[in-house]
Amino acid sequence: MNYFLAQLKEICNTKFEFSKWINDKCYYFNNHKVQLFDEAQTICFEKFEEYGFNNGKLFEPEDTDIFFKIYELVEKFSKKPTLQLWSSFSVLNFGSCPI
């Protein structure tokens, strides 16, 4: 694992209250209601930028398997009866934020 990934993994596992390291990616879960897509993007970017990473972006699953895996984590972390998940199907980056 390169230095960048090792550093991100450490931050993901120790600094973020709601996060999970999966397949060399940090998934941070914002557990607060967000009304606007742009607001969700900003929260995600700023969360990772706080620790020196400028690659935080919203979750973009490549396939339905990873989508459902992350959705299960969203349900686990949120403990809410109704969920809103900002997402799209495209390419993943190292720092992803299901909001």
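The predicted model contains 1 disulfide, which joins cysteine 12 to cysteine 26 with a separation of 2.3 Å from S to S. The torsion about this S-S bond is about 90 degrees, so the disulfide is right-handed. Distant parts of the chain are linked by the pair, since cysteine 12 belongs to helix H1 and cysteine 26 to strand E2, 14 residues apart. Both cysteine 12 and cysteine 26 are buried.

Cysteine 26 also appears in the largest nonpolar core, a set of 14 residues in which Leu8, Phe16, Trp21, Cys26, Phe48 and Phe53 have the most contacts. At least two residues of this core come from each of helix H1 (3-14), strand E2 (25-28) and helix H2 (37-49), and H1 gives the most, with 4 residues. Around tryptophan 21, when residues up to four places away in sequence are not counted, the residues touched are Met1, Leu5, Leu8, Lys9, Cys12, Asn13 and Cys26; both cysteines of the disulfide are thus among the contacts of this side chain's residue. A second core, separate from the one just described, consists of 10 residues and includes Ile22, Phe29, Ile66 and Leu73.

Helix H1 has 12 residues and reaches 16 Å from its first C-alpha to its last, close to the 16 Å expected at 1.5 Å a residue. Its buried residues are Leu5, Leu8, Ile11 and Cys12, and these cover an arc of only 130 degrees around the axis, which puts them on the same side of H1. The elements against which the buried residues of H1 pack are E1, E2 and H2. At the start of the helix, a side-chain oxygen of asparagine 2 comes to within 3.0 Å of the backbone nitrogen of phenylalanine 4.

Helix H3, formed by residues 64-78, has 15 residues and spans 20 Å between its first and last C-alpha, close to the 21 Å expected at 1.5 Å a residue. Buried positions in H3 are Ile66, Phe67, Ile70, Leu73, Val74, Phe77 and Ser78; seen down the helix axis they fall within an arc of 130 degrees, so they line one face of H3. Two of these residues, Ile66 and Leu73, are included in the second core. Strand E1 (19-22) and E2 are among the elements that cover the buried residues of H3, whereas the face turned away from the buried side carries the exposed residues Asp65, Glu72 and Lys76. The N-terminal end of H3 is capped by aspartate 63, a side-chain oxygen of which lies 3.0 Å from the backbone nitrogen of aspartate 65. Just after the helix, lysine 79 takes a positive phi of about 55 degrees.

Positive phi values also occur in the loop between E1 and E2, where asparagine 23 and aspartate 24 are found. For asparagine 23, a residue other than glycine, phi is near 50 degrees, and for aspartate 24, likewise not a glycine, phi is about 60 degrees. With a relative accessibility of 57%, asparagine 23 counts as exposed, whereas aspartate 24, at a relative accessible area of 35%, is partly exposed.

Methods: Residues are numbered from 1 along each chain as its sequence is written. This is a predicted model: local features need pLDDT of at least 70, side-chain atom pairs count only at pLDDT 80 or more; totals for chains, interfaces and linings use all residues. Side-chain values use heavy atoms; hydrogens and water are left out. A nonpolar core is a set of buried Ala, Val, Leu, Ile, Met, Phe, Trp, Tyr and Cys residues joined through side-chain atoms within 4.5 Å. Buried means under 20% relative accessible area, exposed over 50%, partly exposed in between (1.4 Å probe, protein chains only). Contact means heavy atoms within 4.5 Å. A disulfide is a pair of cysteine sulfur atoms within 2.5 Å. The expected span of a helix is 1.5 Å times one less than its number of residues. The arc is that of the directions from the helix axis to the C-beta atoms. A polar contact is a pair of N or O atoms within 3.5 Å; within protein, one must be able to donate a hydrogen and the other to accept it, and residues adjacent in sequence count only if both atoms are side-chain atoms.
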